Amino acid sequence: MKTFLLAATACAAPVALAHPAFAAPPKSQWGDPVQVGDGVTVDPIIDARLRYEAVDTPTLDADAMTLRLRAGFEVKHASGLSFLTESEGTLALADGYNAFPFAIADSQRRPGYAVVGDPMNVELNRVQAQYKTRAATVTVGRQRINLDDQRFVGAVSWRQNEQTFDAARLEAKLGPVMLDGAYAISQRTVFGVDAGPRRAYDGDFAFLGLGAKLGPVSVKAFGYLLDYDAGEQVGALAVSNADTQTWGLRAAGTFTLAPKTRLALTGSYARQLDWKSNPVDYSAQYVLAEAALTHGPLGVTGGYEQLGADKGRAVQTPMATLHKFQGWADLFLTTPAGGIEDWYLGATYKFAQVKALPGLNAAVTFHRFESAVGSLHYGDEWDASVGVKLGRAAVLLKYADYNATSFGADTRKLWLQVEVAY
């Protein structure tokens with residue numbers, strides 16, 4: 001509780017500076033691109049995030065307060081050519097937590113505490129060259145890649161240290177047809193420079209997407225080919241289990257039912273198979289079905305997601321932004337051997353009438369987790385959050401409560417954070 005109060009006090013300082021009630025609004029928008037020559041601009045990048053995270057389990061607890069800063073710049077030319085570089089550093093202001101959920105000879109490996117995967121770190125987060133036209137964008141270098149809902153490939157932006165890729169990517173649009181293809185040779189993980197062999201996973205990775213927009217519906221076919229170099233340990237997976245090929249279809253559309261009422265539908269189906277060094281000949285399915293209904297400030301979402309299993313191998317997504325899926329308590333970062341089914345129902349509300357707290361919003365979601373094979377009830381989870389935007393400062397209070405039945409242990413997590421970005 002003492003650390004939580006310290007975090008709350010520390011978070012309040014940048015909020016007070018950002019809120020118009022405490023400081024006069026700036027005469028100009030600092031952080032906007034600056035014209036430095038004929039057709040050339042420089043856009044500064046500043047992103048600071050202060051976060052308190054508490055973890056409570058039957059055997060281990062944790063209290064972490066970390067400060068993350070990203071800084072860099074992007075130089076753009078009117079021709080469409082640009083260059084971006086960005087560094088990233090994380091400082092632990094309260095270090096009562098285990099930064100590494102794997103064995104490693106490092107002072108940040110503290111097995112007497114629960115895991116909070118935000119080690120202190122200083123690294124080059126992104127350095128990329130890009131050429132962009134109306135029809136196509138080519139990006140080469142260390143870059144952020146977020147594909148669709150980030151279920152298979154994402155930047156893991158919830159963690160303080162971001163996941164990036166050393167890759168070349170082409171995005172093109174030919175009429176209603178959209179093409180997205182990337183080839184990566186390295187997955188730069190969230191664990192940073194002190195993580196030894198888990199600092200980065202090398203290999204040959206291809207991300208392929210071909211889609212089209214048909215009225216209010218977007219349809220996409222995708223393929224993800226992951227071939228890790230021999231000897232890598234990808235999370236809890238040996239490299240032989242991480243080599244996979246995943247092929248699927250995704251469709252999403254939003255429909256206006258009334259002036260203030262909209263229905264968004266999303267569906268996806270994929271098959272994941274063994275690839276390259278994977279020793280097991282298997283084929284497991286991935287299924288997603290979700291409906292989200294909004295009426296004015298109120299939103300209700302219900303859905304079902306399955307990561308199936310076959311021959312003892314479950315669908316794995318080691319490049320995903322995993323915190324977005326299957327509960328914020330992060331019990332299922334590696335899919336259990338029996339696969340997983342996630343039935344979820346949630347509600348959101350935007351309090352536009354509260355003028356003193358612009359952007360005030362709240363959300364709550366319930367998850368029921370079962371195995372895809374064997375009909376085991378893993379457990380249930382409640383997630384809730386409250387957020388508000390005060391000037392440039394985004395403030396978030398978030399809570400997760402996982403109640404175990406046959407998988408993992410009862411886990412409660414609490415976050416309080418403030419982020420300011422330019």
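Select strand β10 (217-228) and strand β13 (244-258) to start: each of them supplies at least two residues of the lining of the second largest cavity. Strands here are DSSP runs of E with at least two residues, helices are runs of H or I with at least four, and both are numbered from the N terminus.

Before going further, know what you are looking at: this is a predicted model, where local features need pLDDT of at least 70 and side-chain atom pairs count only at pLDDT 80 or more, while totals for chains, interfaces and linings use all residues. Residues are numbered from 1 along each chain as its sequence is written, and side-chain values use heavy atoms, with hydrogens and water left out.

**Stop 1: the second largest cavity**

Now add the rest of the lining to your selection: Phe 152, Val 153, Tyr 224, Leu 226, Thr 244, Thr 246, Gln 272, Gln 316, Thr 317, Pro 318 and Met 319. They surround about 60 Å³ of space. A cavity is a set of points on a 1 Å grid over the protein atoms alone where a 1.4 Å probe fits but cannot get out, and lining residues have an atom within 4 Å of a point. The volume is the space filled by probe spheres set on the points, which are joined across faces, edges and corners. By class, this lining has 6 nonpolar, 5 polar and no charged residues. In this scheme Ala, Val, Leu, Ile, Met, Phe, Trp, Tyr, Cys and Pro are nonpolar, Asp, Glu, Lys and Arg are charged, and the others, Gly among them, are polar.

**Stop 2: the largest cavity**

The whole structure has 2 cavities of 30 Å³ or more, and the largest holds about 80 Å³ of space. Select Leu 147, Asp 148, Asp 149, Arg 151, Phe 152, Phe 222, Tyr 224, Arg 250, Ser 268, Tyr 286 and Leu 288 to see its lining. Strands β10 and β15 (283-295) each give at least two of these residues. Here the classes are 6 nonpolar, 1 polar and 4 charged.

**Stop 3: an aromatic pair**

Rings of Phe, Tyr and Trp (its six-membered ring) pair if their centres lie within 6.5 Å; planes under 30 degrees apart count as stacked, over 60 as edge-to-face and the rest as tilted. The count comes to 21 aromatic pairs. Zoom in on Phe 152 and Tyr 286: their ring centres are 5.3 Å apart and their planes stand at 75°, so this pair is edge-to-face. Phe 152 sits in the loop between β6 (136-143) and β7 (164-174), while Tyr 286 is in strand β15, 134 residues apart.

**Stop 4: strands side by side**

Two strands pair if DSSP finds at least two bridges between them. Colour β16 (residues 298-307) and β19 (residues 340-350), an antiparallel pair with 10 bridges. Gly 299 has Thr 348 in β19 as its bridge partner. Strand β19 also pairs with β20 (residues 361-370), antiparallel over 10 bridges, and here Gly 346 is matched with Thr 365 in β20.

Next, pick β5 (residues 121-132), which runs antiparallel to β4 (residues 81-96) over 10 bridges. Strand β5 pairs with β6 as well, in the antiparallel sense over 6 bridges, and a hairpin joins β5 to β6 through 3 residues.

**Last stop: confidence**

Colour by pLDDT, the predictor's confidence in each residue from 0 to 100. The protein averages 92, and 93% of the residues score at least 70. Over residues 1-26, pLDDT stays under 50.

Technical notes:
Contact means heavy atoms within 4.5 Å. On a 1 Å grid over the protein atoms alone, a cavity is a set of points where a 1.4 Å probe fits but cannot get out, and a pocket is an open set with protein on both sides within 12 Å along at least five of seven lines; lining residues have an atom within 4 Å of a point.
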